[in-house]
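Here are a few friendly notes to read alongside the coordinates. I have kept them as numbered points for easy reference.

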Amino acid sequence: MKALKALSLLMVASIAAPAMAEDWTGAYAGFSFGYAEADGPNGSSGDDTVFGPHIGYDRDFGNFVLGGELEYNRLSLDLSDGEGSLDSMTRLKLRGGYDFGGALGYVVVGAARLDASVDNDTAAVYGIGVAYPINDRLVISGEALRQDFDDVTRTDGGLDSNVFNLRTSFRF
């Protein structure tokens, strides 16, 4: 929750910044580093750091920006009570947002694939993010994402996962 509050404050601060014209159209690639937490069946849970690459493309339609992204996060999250471990998460995301001038606030929807020690599963991913250009090539951003997987643990039951990423991207 602390990361979500920090992301919200960053978004509000970005909106209050003076407006600058920004063209978000183009391809980008980068790296993310963050935090993941998971809650599984029978009170099992765990948290760990995540990291990995991402690549995407955005199209600027004036004040509205639409894009797609492929992201991979490596993690080594052991669930309590012997429920197994989470090894990696791959996401295919669509994102749409509003260009506030100095920053881009956006929402994310898509699919997430979780590779775990017990089983693998695909689920929906959704979340929010904010991106801030440092210059015409370098962008820093933050995302808060949620995934709800069905059965990837030793006992039956769902697994809810939250991921908070800080990202740097290079635009081409």
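1. Of the 172 residues in the protein chain, 45% are buried. Please keep in mind that this is a predicted model. The average pLDDT is 87, and 88% of the residues score at least 70. A stretch to treat with care is residues 12-19, where pLDDT stays under 50; the model has eight contacts there beyond four places in sequence.

2. On the overall make-up, the chain has one helix and eight strands, in the order α-β-β-β-β-β-β-β-β. Counting contacts between residues at least 6 apart in sequence, 58% join residues at least 24 apart.

3. Now to the interior. The largest nonpolar core has 25 residues, and L77, L86, M89, L114, F149 and L159 have the most contacts inside it. Two or more residues each come from β1 (26-39), β3 (64-78), β4 (85-99), β5 (104-116), β6, β7 and β8 (159-171). Of these, β5 gives the most, with six residues.

4. F149 is a good place to look into this core. Setting aside neighbours within four places in sequence, F149 contacts M89, A112, L114, D121, T122, A123, G158, L159 and S161.

5. The structure holds 11 salt bridges. One of them pairs E69 with R167, with the closest N and O atoms 2.7 Å apart. E69 lies in strand β3 and R167 in strand β8, so this pair ties together parts that are 98 residues apart in sequence. Both E69 and R167 are buried.

6. R167 has another partner: E143 forms a salt bridge with R167, the closest N and O atoms being 3.7 Å apart. This pair links strand β7, which holds E143, to strand β8, which holds R167, across 24 residues. E143 counts as buried because its relative accessible area is 2%, and R167 is buried as well, at 3%.

7. Are the partners D148 and R146 buried or partly exposed? D148 is partly exposed at 31% relative accessibility, and R146 is partly exposed too, with a relative accessible area of 25%. Their closest N and O atoms are 2.9 Å apart. Elsewhere, salt bridges with shared partners join E69, E71, R91, K93, E143 and R167 into one network.

8. Finally, the surface. The chain exposes about 8300 Å², of which carbon and sulfur atoms supply 62%. Y132, I134, L138 and I140 make a nonpolar surface patch of about 320 Å². Within that patch, I134 sits in the loop between β6 (120-133) and β7 (138-149) and is partly exposed, with a relative accessible area of 47%.

Technical notes: Residues numbered from 1 in each chain as written. Predicted model: local features only at pLDDT ≥ 70, side-chain atom pairs only at ≥ 80, totals over all residues. Heavy atoms only, no water. Patch = residues over 30% accessible without salt bridge, like charges linked within 9 Å, V, L, I, M, F, W, Y side chains within 5 Å. Areas by Shrake-Rupley, 256 points an atom, 1.4 Å probe, with all protein chains shown as cover. Salt bridge = Lys/Arg side-chain N within 4 Å of Asp/Glu carboxyl O. Helix = DSSP H or I, 4+ residues; strand = E, 2+ residues; numbered from the N terminus. Buried < 20%, exposed > 50% of the residue type's maximum accessible area, 1.4 Å probe, protein only. Contact = heavy atoms within 4.5 Å. pLDDT = per-residue confidence, 0-100. Core = buried A, V, L, I, M, F, W, Y, C linked by side-chain atoms within 4.5 Å.
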